[in-house]
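Hi,

Here is the structure I promised to pass on. Have a look at it first, and my notes follow below.

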Amino acid sequence: MFSSFFSTTDPNAPNLHPVTNGVAPADLFGPLAPEDLDWVCAGGFVTETHTWYHRLEDGSLLMCQIIHSSVGLWYPTVQFTCRLYNPTTKEHVWRSANVSGFVAPAPGGNKKSCKADKFSVIYKPATDSAEETYTITSNPADDVQISLDVTRATGVHGFKLGKGPKGGNTYFGADVEKPEGYVFHKFWPATTCKGTIVVK
């Protein structure tokens, strides 16, 4: 942020470099590398989120999200948020909890797994008999309990926008080779979800 006051770069240079710049249409869908969905937990002015969206059997929409936000020298703040909306009954449940004790990877887990005092997310890689799965358990509030297995659909691979080592990233800053920030664009486009959601 403050570097812009002393920058020697062209003041008219673009400050946003979308992931689609210079990428041929055939190269927009890049395969995910094994580390692409790892938690980064970078310092500085950084916000990182992992989000799961689902349409349930009764038509309800469910969103679960972990937000990891670093601001300068302060210890990161972490939130678990969930939203459940039924378009037929108009029932709407929204909970957001600040958590403590966040660690990634979770003990005994990998860099796609994390845990805190109000949630646990454990990633299980694919095997010969099972697809990749996230197991999400959370008590974001006294009246909401969540226990889900989110599994990547068989044969539907994850992807990032753009192939290659810089694929999946939109960069900020005048110098794309030394960006001031970036945004990930990495997805599991099709998943199945099973488990329980308890709203008291």
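The largest nonpolar core has 25 residues, and I66, F119 and Y134 are the ones that touch the most other members. Bear in mind throughout that this is a predicted model. Seven strands each give two or more residues to that core: β4 (61-70), β5 (77-85), β6 (92-99), β7 (114-116), β8 (119-124), β9 (133-141) and β10 (144-152).

I66 is a good place to start clicking around. Leaving aside its neighbours within four places in sequence, I66 is in contact with W39, V78, F80, F102, C114, F119 and V121, among others. The list for I66 also has polar names on it, including E48, T49, H50 and Q79. W52 is another of the I66 contacts.

Next, the strands at the other end of that list. β8 and β9 run antiparallel and are joined by six bridges; one of the pairs puts K124 opposite T133 in β9. β9 then pairs with β10, again antiparallel, through seven bridges. Here Y134, one of the three core residues named above, has V150 of β10 as its bridge partner. β9 and β10 form a hairpin, with two residues between them.

Now to a residue I'd zoom in on: E132, which sits in the loop between β8 and β9. Is E132 buried or exposed? With a relative accessibility of 15%, E132 falls under the 20% cut-off, so it counts as buried. What does its side chain do there? One polar contact, of 2.4 Å, links the E132 side chain to that of Y123, and another, of 2.6 Å, links it to the side chain of R152. Beyond its neighbours within four places in sequence, E132 is in contact with Y123, K124, P125, A126, V150, T151, R152 and W188. Two of those names, K124 and V150, came up above as bridge partners of T133 and Y134.

A few backbone oddities are worth a look too. Most residues other than glycine have a negative phi, and most peptide bonds are trans. Against that background:

- A104 and P105 are joined by a cis peptide bond, with omega at about 5°. P105 is in the loop between β6 and β7.
- C41 is not a glycine, yet its phi is positive, at about 50°. C41 belongs to the loop between β2 (29-31) and β3 (46-55), and counts as partly exposed at 28% relative accessibility.
- K90 also has a positive phi without being a glycine, near 70°. K90 is in the loop between β5 and β6, and its 54% relative accessibility makes it exposed.

Finally, which strand holds F187? That is β14, which covers residues 186-187. F187 has a relative accessible area of 36%, so it is partly exposed. Setting aside neighbours within four places in sequence, the contacts of F187 are L32, G158, F159 and L161. F187 and L161 are 26 residues apart in sequence, and their C-alpha atoms are 8.8 Å apart in space.

If you only have time for two spots, I'd pick the surroundings of I66, with contacts such as F119 and V121, and then E132 with its polar contacts to Y123 and R152.

Cheers

Conventions. Residues are numbered from 1 along each chain as its sequence is written. This is a predicted model: local features need pLDDT of at least 70, side-chain atom pairs count only at pLDDT 80 or more; totals for chains, interfaces and linings use all residues. Side-chain values use heavy atoms; hydrogens and water are left out. A nonpolar core is a set of buried Ala, Val, Leu, Ile, Met, Phe, Trp, Tyr and Cys residues joined through side-chain atoms within 4.5 Å. Buried means under 20% relative accessible area, exposed over 50%, partly exposed in between (1.4 Å probe, protein chains only). Helices (H or I, at least four residues) and strands (E, at least two) are DSSP runs, numbered from the N terminus. Contact means heavy atoms within 4.5 Å. Two strands pair if DSSP finds at least two bridges between them. A polar contact is a pair of N or O atoms within 3.5 Å; within protein, one must be able to donate a hydrogen and the other to accept it, and residues adjacent in sequence count only if both atoms are side-chain atoms.
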